[in-house]
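Reader: Could you walk me through this one, beginning with the pockets and then moving on to the sheets?

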Amino acid sequence: MEILKCAGVRKIYGSKDNLVTALEGIDLSVEKGEFVAIVGASGSGKSTLLHILGSVDKPTEGKVFVEGEDISKLKPTQSAIFRRRKVGLVYQFYNLIPTLTVRKNILMPLLLDKRKVNEEYFEQVVKQLGIADKLDALPNHLSGGQQQRVAIARALIYRPAILLADEPTGNLDQKNSKEIIEMLKLSNRNLNQTILLITHDEKIALEADRVITIEDGHIVSDRKRR
């Protein structure tokens, strides 16, 4: 089942003599439950693509469909609701609220949307991510790896259509980086979570089921590993 589709996506910044083409004619299809890595050098366009897929930014041309809905046409308020309900975003900086406990940080998207908490699913997520014993702690009492696990739990708690992870290990040491990638793989396998992982590290990319390489705003390679 196709969950994500890009058709002829272009992104141009600037104006007149200062135009910069970040993406040029991106065509992409992702099936539900896939774990896809998007790899490329700095400036290749991979983060621009992620922002468009997450409705943080709009394409200059082309369309983006998530679960059949054209998100490229959404108004700002609609985009915010879409992100809150359909997209899990994980960055290298954890963006946790320092004055809230781990539990409240994880549940924040549901609380903002006034949705009921599925306690069984909540317990499944925090147990799988190894933070069930940290729920009453504040973020500054956690290690970097633990904070990133909380950020992943927050992104998973509302069962998004897709989880977009932008360099999620970029702020971590090798040991914690490996653990975070394993957590994402577990979420993909055990929760059937569709994941798009943005990285410049080819070793990390090879942990995914499918690796897409972007250069100068073009997809130059798209290969399945499993």
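**Pockets and sheets**

Author: This is a predicted model, and a good place to begin is the lining of the largest pocket, which by class has 13 nonpolar, 1 polar and 3 charged residues.

Reader: How much space lies in the largest pocket, and which residues lie nearest its centre?

Author: The largest pocket holds about 340 Å³ of space. Its lining is made up of 17 residues, and those nearest the centre are Val87, Leu89, Pro109, Arg154 and Tyr158. Two or more lining residues come from each of helix H2 (76–86), strand S6 (87–91), helix H3 (102–112) and helix H5 (144–156).

Reader: Which element gives the largest share of that lining?

Author: S6 does, with 4 residues of the lining of the largest pocket.

Reader: What volume does the second largest pocket have, and what classes of residue line it?

Author: The volume of the second largest pocket is about 270 Å³, and its lining consists of 2 nonpolar, 3 polar and 5 charged residues. Among the residues that line the second largest pocket are Lys175, Lys178, Glu182, Lys203 and Glu207, along with Ile181 and Ile204. Helix H6 (174–190) and helix H7 (202–205) each give at least two residues to this lining, and the largest share, 6 residues, belongs to H6.

Reader: Changing topic to the sheets, what is the strand order in the one with 4 strands?

Author: The order is S2-S1-S4-S5, in an open sheet with antiparallel pairing. Strand S2 (20–31) and strand S5 (69–70) are at the edges and have a single partner strand each, so one side of each lacks a neighbour in the sheet.

Reader: How many bridges are there between S1 and S2, and which residues are partners?

Author: Strand S1 (residues 2–13) pairs with S2 over 8 bridges, in the antiparallel sense. Lysine 11 is opposite leucine 23 in S2, while valine 9 has isoleucine 26 of S2 as its bridge partner. S1 and S2 make a hairpin with 6 residues between them, and in the turn glycine 14 has a positive phi of about 85°.

Reader: And over how many bridges do S1 and S4 pair?

Author: S1 and S4 pair over 5 bridges, again in the antiparallel sense, with leucine 4 opposite valine 66 in S4.

Reader: What about the sheet with 6 strands: what are its order and its pairing?

Author: That open sheet runs S6-S7-S8-S3-S9-S10, and its pairing is mixed. S6 and strand S10 (218–224) are the edge strands, each pairing on one side only, and the twist from one strand to the next averages 15°.

Reader: In which sense do S3 and S9 run?

Author: Strand S3 (residues 35–39) and strand S9 (residues 210–215) run parallel and are joined by 4 bridges. Within that pair, arginine 210 in S9 is the bridge partner of valine 36.

Reader: Which strands do H2 and H6 touch or lie across?

Author: H2 packs on the sheet and touches S6 and strand S7 (162–166), with a direction that makes about 85° with that of S6. H6 lies across S3, S7 and strand S8 (195–199), and runs at about 160° to S8. To link this back to the pockets, H2 and S6 are among the elements that give two or more residues to the lining of the largest pocket, whereas H6 gives 6 residues to that of the second largest.

Note on methods: Residues numbered from 1 in each chain as written. Predicted model: local features only at pLDDT ≥ 70, side-chain atom pairs only at ≥ 80, totals over all residues. Heavy atoms only, no water. 1 Å grid on protein atoms, 1.4 Å probe; cavity = no way out; pocket = protein on both sides within 12 Å on 5 of 7 lines; lining within 4 Å. Points joined across faces, edges and corners; volume = space filled by probe spheres on them. Nonpolar A, V, L, I, M, F, W, Y, C, P; charged D, E, K, R; others polar. Pairing = 2+ DSSP bridges. Axes fitted to C-alpha atoms, helices over the stretch in contact; angles between N-to-C directions. Contact = heavy atoms within 4.5 Å.
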